[in-house]
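Trainee: I would like to learn how to read a model feature by feature. Shall we take sheets, helices and odd backbone angles in turn?

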Amino acid sequence: MPTIDPTDHEIADLGPEVNGIDDVEELEAMLALEADGEDRGPVRTLIESRIEKLRAADEEEDADPGDVDLAELTIADVANMVRDVDDAAVLRGLLEREREGKDRSGAITQIENRIEAVEGSEGGDGEVEYVPPEEKYPDLDHPTADKQYVEGTSGETYRDMWVYCETQQGELIDVSKELLGKARELMDEYNGEEGYGGDEDGTPEEVIAVVIGDDVVDLAEEAIAYGADRVVYHEDERLERFRHKPYTELFAHMCRDFDVDWRDYHEPRYTVFPATNNGRDLSALVQGELDSGLASDCSDLYIDEAMISNPAKTGIPGDSVAFDRVLHMPRPDFSGFEYSTILCIDKPHRDFHPQGASVIPGAFDLPDPDPDREGELVEHDLELPDEWFQIEIVDHDRLEGGVDLTGHDVVVALGRGIGTDPTKGIELGLELVDAFDDAAFGLSRGVITASYQFGGHVADYVSEERQIGESGQVVEPAVYIAAGISGAVQHKVGMDESDTIIAINDDPDADIRGFSDYFIEGDLFEVLPRLTAAVESGNLAAVAAEASDD
Amino acid sequence: MTDDHEHYEAVVVGAGPGGAAAAAALARQGVETLVLERGVDAGSKNVSGGLIYAEESAPYTIDSLFPDFREAASERPVDDYYIHNVSGRDVKTFDLGRIHRHDTDWCDAVLRRKMDSWLAERVHELTRETGGGLLTEVRVNGLLRENGEIVGVTCDELDPITADLIVAADGVNSELARDAGLMDWDEPDDWFQGVKAVVEMEPDAIADRFGIDDDEGAAHLFSGDLFEGVRGGGFLYTNEDSLSVGTVFHLDSLAAERAEPHELLDALLTHPLLDQWLQGEYEEREYAAKLVPDSKKVAHPSPHRGRLLLVGDAAGQMQAQGPIIKGMNHAVTAGGLAAEAYADAKTRGDPSAAGELYEAKLNEEGVMDQLRPARYRATRSVSESDLLGTIGDAVIRSPIGAAGLKAFDGAIERAFNSPFLLGMVPDTRFSYVTLPTRIGEVLGEPVTGDNDVEPPDLADRIGDLTYDVGEPHIELVDNSFEASGTAVTACPVSAVGFGGGCYREETVRTNGSEERLVSLDTQPCVECGTCAIVADTEWEHPAGGKGVEYEQG
């Protein structure tokens with residue numbers, strides 16, 4: 001008699017119950033009970049599928065690798081089965097039968113790998129036999145064959161942290177400075193007593209900045225102030241804008257082929273790039289050219305040792321080996337769900353250097369420049385072949401920031417006080433702006449989002465690019481004139497650093513009065529023309545005398 | 001092709017109590033579950049009056065799904081429950097402890113930012129085990145369909161995601177429920193609007209002024225003539241070191257009376273009755289607003305379509321029966337039942353049957369009967385008619401009515417405490433305003449004390465809220481005053497003559513003619529959804545992480 005009589009239960013309740021039973025006989029008894037009872041189709045299916053599942057599991061367990069019929073097994077089954085087989089002779093038997101039978105390459109690989117694992121661990125000398133890829137896969141067409149650096153780069157020397165400093169509009173972008181600051185910090189620690197005390201011979205390693213562009217020597221000097229020991233720069237008017245080919249060739253040449261006395265090593269130990277649009281392109285191309293890997297979009301960097309047990313890296317199955325001076329490169333995965341730390345580690349017969357990363361802008365603090373820092377400027381000298389410039393930039397555009405209200409002596413701003421006659425209000429505001437030598441014209445958000453109808457001649461002035469406040473521009477002129485603006489906190493944060501604030505409002509209780517230097521109670525349609533006249537005549541005192549001095 | 005999209009077994013949209021309950025229950029069944037939340041943090045978009053119930057008869061409670069909930073995420077247990085019937089300065093207080101404790105295992109005051117963000121951490125831990133997890137700052141903006149069938153969701157920030165089960169727990173303004181055609185935004189009388197102030201108060205002061213210990217709490221309700229005749233009432237709940245004080249009104253009444261919600265809240269806050277608690281001190285931590293579905297009218301009897309199941313506010317599962325307001329507990333139950341329904345359907349080999357099973361479970365567990373009492377449906381047509389309201393008004397106002405009230409003083413209090421009678425309470429001015437006012441007038445005693453607190457004005461309330469302003473998420477389709485003017489008053493962050501709000505009335509002169517228009521600035525929007533109902537708009541939520549961020553909730 002089974003513990004559960006299915007005829008006592010609803011279908012919905014039975015699912016978990018049935019799936020909890022592992023005894024086929026009990027299930028068969030339940031099936032019989034159900035058949036004698038209501039004989040519900042879904043219940044029968046439920047129990048039958050459970051029985052089927054258990055039987056299948058039994059068969060799987062019972063399979064003896066010594067004489068199992070491989071044709072019955074999927075590749076996954078084979079993989080699972082061989083994992084438990086330690087006898088190489090049995091495995092060879094399996095291999096033979098598979099080859100005679102279905103001859104599936106996936107299954108063969110699984111069995112071969114297991115043989116290798118079993119024999120390797122008993123093999124004695126512990127070394128993984130190295131076969132160059134050309135010999136191992138002679139039939140393959142080798143796309144890497146023309147890359148002279150792919151092989152033979154084992155046991156070379158690597159030094160220094162190279163930082164690509166991206167420029168835009170003739171300036172180092174912030175992330176370049178962030179990377180220099182971080183590189184300085186990392187290498188100071190690396191060279192210090194707490195770190196490695198310098199390279200393998202105890203010589204300190206350096207932060208090398210790379211600046212490429214047109215007329216960039218000043219930026220190269222700036223890179224020193226931000227932490228570089230040495231800056232390699234290349235100037236050429238054709239390099240004014242980023243281009244894949246010449247930038248990649250130049251970077252690679254600088255750090256691998258450039259013949260200067262201080263660069264007495266094969267390639268950099270570390271390279272870091274900004275994870276900007278151009279930096280992402282360049283980092284991938286350069287690391288490819290240098291025949292290494294890249295961890296892209298990293299959010300942190302640190303240098304530490306790492307225990308590695310992967311035989312592909314250690315060359316010795318089963319053992320863990322400590323690798324030191326390893327750049328740890330954490331990066332967000334799966335939309336920031338998780339973080340993975342990427343390591344780029346040499347193999348026994350192939351080096352993976354430089355250890356390269358691109359870093360998300362803003363991941364590190366922007367350092368303060370030290371103009372007294374000393375470093376060496378190195379001009380990179382190389383004839384740039386024309387074929388590097390086959391791609392021509394025919395046009396470029398910089399997204400404009402719109403109207404810049406900052407940097408003026410005076411800002412005249414209008415608010416919803418113009419509502420009774422918006423067009424006239426704008427006209428009066430613009431007239432006051434014109435009366436000053438250097439004034440800008442701003443608006444509160446309330447005006448921009450209003451449904452006011454403006455006359456065609458002033459309509460162009462009413463746009464978001466003139467908005468002052470939290471979601472607009474922040475200004476701090478010598479004089480800020482706010483007409484018809486109540487002074488909500490969202491507006492206040494955009495202007496309260498101004499030296500002198502003059503508010504015009506017909507509501508004496510308006511919030512703006514609390515943070516104005518002068519408050520003129522009155523209708524802006526009357527006050528603005530008088531203010532304009534006073535400014536034009538140079539006699540502001542007369543108007544100011546009427547204002548209450550809060 | 002479906003193969004082009006990332007696939008999860010279940011996607012839960014929204015990390016409030018309904019979504020959290022569904023996700024936790026799914027994860028415990030081993031279902032690979034992804035939870036998407038549009039706020040910067042779970043709870044940053046969520047507001048409630050502030051009481052969560054655990055009902056004895058409920059199949060799921062928040063603490064059964066999330067052990068330690070009460071210690072970690074709630075404020076104070078609420079045992080005392082009073083209603084104050086107010087007429088001018090006269091107040092008659094009834095003890096509603098019996099109805100409050102009816103079928104109640106426990107009831108705690110909560111603040112949603114703290115509560116929901118705590119829940120979200122648990123949910124992330126649980127769902128990660130299944131290969132899913134919880135992502136914030138992702139706004140789901142619609143349903144993904146294939147050959148007319150719902151197969152997944154689309155988002156502002158991520159590529160479309162397919163799922164075998166989609167739980168829409170995206171709140172009262174559920175975009176998924178609307179996309180599926182299950183809910184609409186048409187009738188103001190389907191909704192309540194609540195506004196709330198979280199007011200700072202030291203635990204010692206709370207203990208002193210409410211006469212309670214540190215591990216005790218109180219709830220007070222207010223009705224009568226405080227609110228300019230608008231149908232609704234007020235509430236006050238004690239938190240650990242603050243009070244939640246708010247008002248809730250029928251949106252149709254609020255709209256018809258052109259009432260300003262923030263002023264009605266201030267009317268409560270400044271009533272002499274509150275002086276005993278505020279004692280001249282008033283420091284407002286946060287002003288918030290929320291739309292509340294009236295489950296009696298809109299709780300969807302069949303809240304599913306294909307793979308989509310609606311849970312909580314998204315399905316209108318918010319029970320407001322006279323003075324008893326229960327929403328979060330029903331969302332939790334619904335979330336648990338939705339998960340259970342999916343697991344059952346899967347066991348039967350037909351996951352697509354989840355919706356039908358969910359509906360059946362809502363009925364079997366008595367949830368639907370609580371949300372849409374048959375007694376209310378049976379009596380509504382009679383009791384909500386104007387004629388009966390008028391007769392009721394006339395009788396209760398007469399000397400005979402007053403005598404009746406006096407004679408039945410104790411009986412009225414008992415009647416308020418009857419779950420059966422409450423199920424019939426009609427939604428008329430009579431029961432919200434006239435009767436309580438008359439009770440206060442005839443039976444009440446005048447309160448002494450003067451309440452001279454000054455709540456902040458609307459500009460400061462908006463100024464104190466945190467926003468990350470993104471692209472405008474509401475489009476004013478018809479900006480004429482006739483079509484959308486009601487929003488100027490009904491919107492909780494707008495007011496007549498206030499230029500810093502969302503909706504502003506403007507008079508525009510063109511070529512000699514004058515036009516009354518309404519303009520919209522979504523910067524101060526608190527995303528309550530009021531204007532979607534009372535004005536002519538295209539209403540969406542802001543993109544993930546954008547818009548208002550509540551710190552209390």
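Trainee: Which strands of chain A does helix α13 lie across?

Mentor: First, a caution: this is a predicted model. Now look for helix–strand contacts, then take the angle between axes. Helix α13 (residues 422-435) of chain A lies across β13 (410-414), β14 and β15 of that chain. Its direction is at about 155° to β14(A).

Trainee: What is the strand order in the sheet that holds β14(A), and how is it paired?

Mentor: Read order from the pairings, not from the sequence. Here five strands of chain A form an open sheet, ordered β14-β13-β15-β16-β17. The pairing is parallel. β14 (439-443) and β17 (518-521) of chain A are the edge strands, each pairing on one side only. From one strand to the next, the twist averages 15°.

Trainee: How many bridges link β15(A) and β16(A)?

Mentor: Five bridges, in the parallel sense, join β15 (residues 479-483) and β16 (residues 500-505) of chain A. For a landmark, find Ile481(A): its bridge partner in β16(A) is Ile502(A).

Trainee: Which strands does helix α17 of chain A lie across?

Mentor: Helix α17 (residues 524-537) of chain A lies across β13, β15, β16 and β17 of chain A. It runs at about 135° to β16(A).

Trainee: Now a single helix. What span should α5(A) have, and what does it have?

Mentor: Compare the expected rise with the distance between the ends. Helix α5 (residues 88-100) of chain A has 13 residues, which at 1.5 Å a residue should span 18 Å. Its end C-alpha atoms are 18 Å apart, so the two agree.

Trainee: Which residues of α5(A) are buried?

Mentor: Ala88(A), Leu91(A), Leu94(A), Leu95(A) and Glu98(A) are the buried ones. They cover an arc of only 115° around the axis, so they sit on the same side of α5(A). On the other side, Ala89(A), Glu96(A) and Glu100(A) are exposed.

Trainee: What does Asp87(A) reach at the start of α5(A)?

Mentor: Check side-chain oxygens against backbone nitrogens at a helix start. A side-chain oxygen of Asp87(A) comes to within 2.8 Å of the backbone nitrogen of Ala89(A).

Trainee: Now backbone angles. What is the usual pattern for phi and for peptide bonds?

Mentor: Most residues other than glycine have a negative phi, and most peptide bonds are trans. Look for departures from that pattern. The peptide bond from His353(A) to Pro354(A) is cis, with omega near -5°. Pro354(A) is in the loop between β10 (338-342) and β11 (355-359) of chain A.

Trainee: Where in chain B is Asp68(B), and what is its phi?

Mentor: Phi of Asp68(B) is near 75°, a positive value in a residue other than glycine. Asp68(B) is in the loop between α2 (62-65) and α3 (69-73) of chain B. Its relative accessibility is 52%, so Asp68(B) counts as exposed. Asn147(B) also has a positive phi, near 50°. That residue is in the loop between β8 (140-146) and β9 (149-155) of chain B. Asn147(B) is exposed, at 80% relative accessible area.

Trainee: Is His250(B) buried or exposed?

Mentor: Read the relative accessible area, then list the contacts. His250(B) lies in strand β14 (residues 242-250) of chain B. With a relative accessible area of 1%, it is buried. Beyond four places in sequence, His250(B) touches residues including Trp191(B), Phe192(B), Arg231(B) and Asp294(B).

Trainee: Which residues does Thr347(B) contact beyond its sequence neighbours?

Mentor: Here, watch the chain letters. Leaving aside neighbours within four places, Thr347(B) is in contact with Gly15(A), Pro16(A), Asn19(A) and Leu46(A). Thr347(B) lies in helix α12 (residues 328-347) of chain B and is partly exposed, at 26% relative accessible area. Its side chain also reaches the backbone oxygen of Ala343(B) at 2.7 Å.

Trainee: Last, what is the strand order in the eight-strand sheet of chain B?

Mentor: The order is β15-β11-β14-β13-β12-β4-β5-β20 (chain B), in an open sheet with mixed pairing. Its edge strands are β15 (284-293) and β20 (445-446) of chain B. Inspect one pair: β12 (residues 217-224) and β13 (residues 232-238) of chain B run antiparallel, joined by four bridges. Leu221(B) stands opposite Phe235(B) in β13(B).

Note on methods:
Residues are numbered from 1 along each chain as its sequence is written. Chains are lettered from A and ligands numbered from 1 in the order in which they are written. This is a predicted model: local features need pLDDT of at least 70, side-chain atom pairs count only at pLDDT 80 or more; totals for chains, interfaces and linings use all residues. Side-chain values use heavy atoms; hydrogens and water are left out. Two strands pair if DSSP finds at least two bridges between them. Helices (H or I, at least four residues) and strands (E, at least two) are DSSP runs, numbered from the N terminus. Axes are lines fitted to C-alpha atoms, for helices over the stretch in contact, and angles run from 0 to 180 degrees between N-to-C directions. Contact means heavy atoms within 4.5 Å. The expected span of a helix is 1.5 Å times one less than its number of residues. Buried means under 20% relative accessible area, exposed over 50%, partly exposed in between (1.4 Å probe, protein chains only). The arc is that of the directions from the helix axis to the C-beta atoms. A polar contact is a pair of N or O atoms within 3.5 Å; within protein, one must be able to donate a hydrogen and the other to accept it, and residues adjacent in sequence count only if both atoms are side-chain atoms.
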